[in-house]
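Grab a coffee and work through a few exercises on one protein chain. Try each task yourself before you read the solution.

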Amino acid sequence: MASVVAAVLGTSFTLATSSSHAQSKTQLLVYTALETDAMKLYKDGFEKANPNIEIRWVRDSTGVVTAKLLAEKNNPQADVVVGLAATSLALLGQEGMLLPYEPKGMKELNPAYVDSARPPNWVGMDVWGATICFNTTEAKKLNLPTPTSWQDLAKPIYKGQIVMPHPASSGTGYLDVTAWLQMFGETNGWKYMDALHQNIAQYTHSGSKPCTMAGTGEFPIGISFEFRGHQVKRSGAPIELIFPKEGLGWDIEASGIMKGTKNLEAAKKLVDWMASKDANQISSNWWAIVAYPGIAKKVEGIPDNYEKLLITQNDFNWSAKNRERILAEWSTRYNAKAEKK
């Protein structure tokens, strides 16, 4: 794990400014990889229900937050982790860094989106999955056919036309890589990525950025995730959202309590609230699948059978256990095209 940690230790983190009356409140230091669009609504909803507790966010991309937490293993700073990939939380659990806790109301949640241990190390909020953002206007100029599968993206016609997230920085990038390794098998998965790499222009350090770049026409194809694809399309960009026929890699935004927190009761209240119907209703503003059944709404551009498109061979514990090995191999093969930090 040291190789991953070392690569990101220089990353700066920003804490939200505390309110002037924060002295009278319990302050929870919460590490997150939530999209910035969502952070305010969760904070406002929780603090309205718990006026004596204040969230102080530390926010960055999934890989960076994961590496920071691992680097702080012997001197943990965070009280709670919210909105981090379940694969990352599974890794923290394997490292003995999480306090198992069953939040109030957990039995109301879909068990597929909660850690199988009892009590669980983490509890899911929502699901995000892989999506290809395809700029139809730019593709027409370049005479590029519309891809329908992951294998299509490895064809020579797309050389230099694709951007995707870096798996060490982005949870979306990591779910792509682990999905291909699980879908195709490790030997064929690396063979596929070797071919895809020939067509990659850049590996970005954000899961959102490839779709944003496709939306502006900087590149015609961006491998991203459905929430950002939906937003870019809704903004009027000439993109089509493609859900490859082999199946979609996916992960869960999840919450867990850091072992050793000095604010345990407040931390439990936050995880209780993140598992609540109210919090899941907030999640449903953006996500087609949330942990609380019956809350999700129809999201424009996301197919009704979206949940059935998610790959079934998706082992979070395997992805966590093999993270260091997979990222080291990936970096050796492909890091030359990484976006400059």
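What follows is a set of tasks on a predicted model, each with a worked solution.

**Exercise 1. Take stock of the whole chain: how many helices and strands does it have, and how does its radius of gyration sit against the globule rule?**

Start with the secondary structure: the chain comes to 14 helices and ten strands. Next, take the radius of gyration, which is 19 Å. The globule rule gives 20 Å for 341 residues, and the two values are close, so the chain is as compact as a globular protein of that length. For the extents, the C-alpha trace spans about 60 × 40 × 40 Å along its principal axes.

Now look at the inside and the surface. Buried residues make up 59% of the 341 residues. Of the contacts with a separation of 6 or more, 76% are between residues 24 or more positions apart. The accessible surface is about 14,200 Å², and carbon and sulfur atoms own 50% of that. As for charge, there are 36 positive and 34 negative ones, and their mean positions are 2 Å apart.

**Exercise 2. Find out which residues of helix α8 are buried, and what covers them.**

Step one is to locate the helix: α8 runs over residues 209-216. Step two is to pick out its buried residues, which are P210, C211, M213, A214 and G215. Step three is to see what lies over them. The cover includes the strands β5 (123-135), β6 (162-165), β7 (200-204), β8 (221-225) and β9 (239-242), along with helix α9 (226-234). Finally, check what happens just after the helix: G217 takes a positive phi of about 85 degrees.

**Exercise 3. Is V163 buried or exposed, and which residues does it touch?**

First place it: V163 sits in strand β6. Its relative accessible area is 0%, so V163 is buried. Setting aside neighbours within four places in sequence, V163 is in contact with A201, Q202, P210, M213, F219, I221, G222 and I223. Two of those names should ring a bell: P210 and M213 are among the buried residues of α8. For a distance check, V163 and A254 are 91 residues apart in sequence and 26 Å apart in space, C-alpha to C-alpha.

**Exercise 4. Do the same for T62: where does it sit, and what is it in contact with?**

T62 belongs to helix α3 (residues 62-71). Its relative accessibility is 11%, and the cut-off for buried is under 20%, so T62 counts as buried. Neighbours within four places aside, T62 is in contact with A33, L84, A85, S88, S169, S170 and G171. V81 is 19 residues from T62 in sequence and 11 Å from it in space, C-alpha to C-alpha.

**Exercise 5. Count the salt bridges, then work through three of them and say how exposed the partners are.**

The total is 15 salt bridges. As background, side chains of opposite charge can pair when their charged atoms come close.

- E102 and K107: the closest N and O atoms are 2.8 Å apart. E102 is partly exposed at 32% relative accessibility, while K107 is exposed at 70%.
- K298 and D304: here the closest N and O atoms are 3.0 Å apart. K298 is exposed at 57%, and D304 is exposed at 72%.
- E329 and R333: this pair meets at 2.6 Å, N to O. The two residues are four apart in helix α14 (residues 323-334), so about one helical turn separates them. E329 is partly exposed at 32%, and R333 is partly exposed at 34%.

One more thing to pick up: salt bridges that share partners join E35, D37 and R228 into one network.

**Exercise 6. Hunt for unusual backbone geometry: which peptide bond is cis, and what is the phi of N143?**

Begin with the baseline: most residues other than glycine have a negative phi, and most peptide bonds are trans. Then look at omega: a cis peptide bond joins R118 and P119, with omega about 0 degrees. P119 is in the loop between β4 (98-99) and β5.

Now for phi: N143 has a positive value near 60 degrees, and it isn't a glycine. N143 lies in the loop between α5 (136-142) and β6. With 62% relative accessibility, N143 counts as exposed.

Conventions. Residues numbered from 1 in each chain as written. Predicted model: local features only at pLDDT ≥ 70, side-chain atom pairs only at ≥ 80, totals over all residues. Heavy atoms only, no water. Buried < 20%, exposed > 50% of the residue type's maximum accessible area, 1.4 Å probe, protein only. Contact = heavy atoms within 4.5 Å. Salt bridge = Lys/Arg side-chain N within 4 Å of Asp/Glu carboxyl O. Rg over C-alpha atoms; globule rule 2.2 N^0.38 Å. Areas by Shrake-Rupley, 256 points an atom, 1.4 Å probe, with all protein chains shown as cover. Lys, Arg positive; Asp, Glu negative; His and termini not counted. Charge placed at Lys NZ, Arg CZ, Asp CG, Glu CD.
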